[in-house]
Amino acid sequence: VEDEYEAHVKQFHHVKDRFSMAAVPPCLGRLKQRARELGLWNLFIPPHLIDKVPDPSLRPSVSLSYREYGILCESLGRCPHIAPEACNSSAPDTGNMEVLLEFGTPQQKEQYLVPLLRGEIRSAFLMTEPEVASSDPTNLQTKLTKHVGAHGRTKYVLNGRKWWSTGAMDPRCRFALVVARMEYADGATNTTTNKHGAHTIVLVPMPQPGVVFERALTLFGYDDAPNGHAEVSLKEVQLSKENLIAGEGSGFRVSQARLGPGRIHHCMRAIGMAARSLELMLERSMERQAFGKYLAEHGGCQEMIADSVADLESARCLTLNCAATMDVVKEPKLARNQVALIKYAVPDMTYRVVDRAIQLFGGAGVSDQDHCLARFLVGLRSLRIADGPDAVHKRTVALTTLKKSHQSRL
């Protein structure tokens, strides 16, 4: 259905139209129905959260470990803009659903989680900000101000600006999880002294007065409509205690619980893109001739294929090992080093595979009109920034390794 999907979206040219319900390809509905019939629905939910799904009919047909779901993610990654959504396993919805399963109130689960589990709505996650280096979460400037009025009534007001808010412009988006710095006014007091306890995640219904979409952002020219990425202004957004996730000051803890599994999912989908690219490379090398020989008979091409196999297998082994560690330790923070390792190593290795495939395809490789390679390359390059840039994860691995070395010398 890739051709059908792309042909439908390309009918819409104006930005407003590209992020409308009319721009959502009808083929997604057929695929979602088929996924349910095959038992491929909501398989991302880890074993320890399955019992927390409010409606038993929405639980996955089989309980998969992180490692087992990682293998499935590789298949989904072969068609990353369609397959994950078809199985209700696409970002940022999976992370948001896990947050609501683990930290959501009964009201939040009924109003937002259940429709998301059914695939009836979409969601967004707003963290990154244009004015600060958001790779350091203590820099975030968006403010959630707590006011205590007469008779002890409490309200919260959200102000700030976010960008690279994936899914926020999707016409089906019905809520966003927003990371904000706590601020206190009108008699409200701060009981938190830890700098990592200064942030709170708040659930913002969408659409909502004060939530303004400034522009749709493009990723190397792609707008990824009708899902897309937005720059969003938050102007005096009125909220209540019922909108908080896990209470005040829990933002860092909730974010880390959300991002760990998500990074494994990203890496395994990246491997799916690389695996498909390698297959295309092999087909091309055995069909095209240059200088009297098939490309596969040239030493340079053979070297590219060998290097790609090594990168692909290394990336797969690293990621599945990380997922297996997560299965053992249960908590993402206890596998922090392994998660950081794959987050910078796997996008780099899979990027190299796709880059070699593009080189082999020549002019056809750099156009997205006939092949998927150009879109894959853009996605993998951006993954080295999304969910934390390479430098942050390398720092984590280096510091952890140095600490172990120091301890072994004592």
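In this predicted model, Arg-258 sits over the face of Phe-125, 3.8 Å from the ring centre. A second arginine does something along these lines with a tryptophan: Arg-36 lies over the face of Trp-41, at 4.1 Å from the ring centre.

Aromatic rings also pair up with one another, and the count here comes to two aromatic pairs. One of them is made by Trp-163 and Trp-164, whose ring centres are 6.3 Å apart. The planes of these two rings meet at 55°, and the pair is classed as tilted, because stacked rings would need planes under 30 degrees apart and an edge-to-face pair over 60. As for solvent, Trp-163 has a relative accessibility of 24%, so it counts as partly exposed. Trp-164 comes out at 32% and is therefore partly exposed as well.

Turning to the empty space, the second largest pocket holds about 170 Å³. Its lining is made up of Val-1, Leu-31, Arg-34, Ala-35, Leu-38, Leu-40, Leu-72, Leu-76, Ile-82, Ala-83, Ala-86 and Cys-87. Helices H3 (27–37), H5 (66–76) and H6 (83–86) are the elements that each supply two or more of these residues, and H3 gives the largest share, with three. Sorted by class, the lining has 11 nonpolar residues, no polar ones and one charged residue. The charged one is Arg-34, because Arg is among the residue types counted as charged.

There is also one cavity of 30 Å³ or more in the structure. The largest cavity has a volume of about 40 Å³, and the residues around it are Lys-32, Glu-85, Asn-88, Ser-90, Asp-93, Gly-119, Ile-121 and Arg-122. By class, that lining splits into four charged, three polar and one nonpolar residues. The four charged residues are Lys-32, Glu-85, Asp-93 and Arg-122, because Asp, Glu, Lys and Arg make up the charged class.

Finally, a histidine. His-393 is part of helix H13, which covers residues 390–409. With a relative accessible area of 4%, His-393 is buried, because the cut-off for that label is under 20%. What does His-393 touch, leaving aside its neighbours within four places in sequence? The contacts are Arg-263, Ala-340, Lys-343, Tyr-344, Asp-387 and Gly-388.

Note on methods. Residues are numbered from 1 along each chain as its sequence is written. This is a predicted model: local features need pLDDT of at least 70, side-chain atom pairs count only at pLDDT 80 or more; totals for chains, interfaces and linings use all residues. Side-chain values use heavy atoms; hydrogens and water are left out. On a 1 Å grid over the protein atoms alone, a cavity is a set of points where a 1.4 Å probe fits but cannot get out, and a pocket is an open set with protein on both sides within 12 Å along at least five of seven lines; lining residues have an atom within 4 Å of a point. Grid points are joined across faces, edges and corners, and a volume is the space filled by probe spheres set on the points. Helices (H or I, at least four residues) and strands (E, at least two) are DSSP runs, numbered from the N terminus. Rings of Phe, Tyr and Trp (its six-membered ring) pair if their centres lie within 6.5 Å; planes under 30 degrees apart count as stacked, over 60 as edge-to-face and the rest as tilted. Buried means under 20% relative accessible area, exposed over 50%, partly exposed in between (1.4 Å probe, protein chains only). A charge sits over a ring if NZ of Lys or CZ of Arg is within 6 Å of the ring centre and within 35 degrees of the ring normal. Contact means heavy atoms within 4.5 Å.
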